[in-house]
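Ready for some practice at reading a fold? Grab a pencil and work through the exercises below.

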Amino acid sequence: ELGSLSNLTYLSLAENDLSSTIPTELGNLNLLGTLDLSRNQLTGPIPIEFGNLSSLGSLQLWSNQLTGAIPDQIGSIITLQELNLGQNLLSGSIPASLGNLINLRRIGLNENQLTGTIPPELGDMAMLTDLNLYSNQLTGLIPPELGNLVNLEIMDIFTNQLSGTLPVELALCTQLKHLEVADNLFTGTLPLAYQSLVNL
C-alpha cells in the first residue's frame, strides 16, 4: 500500500528487521526525494521500477541481503546525489548507465560480489566526491577516464582483482584526499605525476 502514497517525498524504514523483497510499487512514488531502506534484512533484486523515481535525490539500500544485478534503470534517475548499495550480495557488472548520474556526489557499491571492469563512463559523473568500489571482484584496469572526476575527494577501490599500472590521469583529480588501491594486482611504478596530489 505504500506505493499508493503519491504525495510522499521522504520514506525511511532504516534500522529495522524488515525482510522479504522490496515492493516494486515503491517505483510509483514520483515525488519521492529520499528512500532509505538501509540496515534491514531485505532480499531479492533491486526493482527496475526504481528507474521511475524521477525526483529521487538519495537512494540508500546498504546493509541488506539484496541479490542480482544493479538495474540499468538506476542510471536514468539523473536527480540522484547519493547512491549507496554497499554491503549486499549484488552480482554482475557495474552498469555503464550509472555514468548518466551527472549530479551524483557519493556512490557506494562496496562489499558486494560485483565482477567485470570499472566502466569508463563513471568518469562522466563530474560532481562526484566519493567513489567506493572496495571489496568486490572487479578486474581489469582503472579507466583513465576517472581522471575527469576533478571534484573527487575519496577513491576506495581496494580488495578487488584490478591489474595493470596505475593511470597517470588520476593526477588530474587534484582534490583527492584519500586514495586506497591496496590488495589488488597492480604492477609497474607509481606515476611521478602523483606528486601533484598535494591534498592526499
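Strands are DSSP runs of E with at least two residues, numbered from the N terminus, and two strands pair if DSSP finds at least two bridges between them. The model is predicted, so local features need pLDDT of at least 70 and side-chain atom pairs count only at pLDDT 80 or more. Residues are numbered from 1 along each chain.

**Exercise 1.** Find how strand 5 is joined to strand 7.

*Solution.* Start with strand 7, residues 89–92: two bridges join strand 5 to strand 7, and the two run parallel. Next, look at who faces whom: Thr-67 sits opposite Leu-89, while Gly-68 has Leu-90 as its bridge partner.

**Exercise 2.** Which strand order does the open sheet have, and why is one side of strand 3 left without a neighbour?

*Solution.* First, strand 3 (residues 43–44) pairs with strand 5 (residues 65–68) in the parallel sense over two bridges. Here Thr-43 is opposite Gln-65. Then put the four strands together: the order is 3-5-7-9, with parallel pairing. Strand 3 and strand 9 (113–114) are at the edges with a single partner strand each, so one side of each has no neighbour in the sheet.

**Exercise 3.** Pick out which residues touch the most other members of the largest nonpolar core.

*Solution.* Such a core is a set of buried Ala, Val, Leu, Ile, Met, Phe, Trp, Tyr and Cys residues joined through side-chain atoms within 4.5 Å; buried means under 20% relative accessible area (1.4 Å probe, protein chains only). Among its 51 residues, the answer is Phe-50, Ile-74 and Leu-83. Now zoom in: Ile-74 touches (heavy atoms within 4.5 Å) residues including Ile-46, Leu-59 and Leu-101.

Conventions: Side-chain values use heavy atoms; hydrogens and water are left out. Buried means under 20% relative accessible area, exposed over 50%, partly exposed in between (1.4 Å probe, protein chains only). Lists of a residue's contacts leave out its neighbours within four places in sequence.
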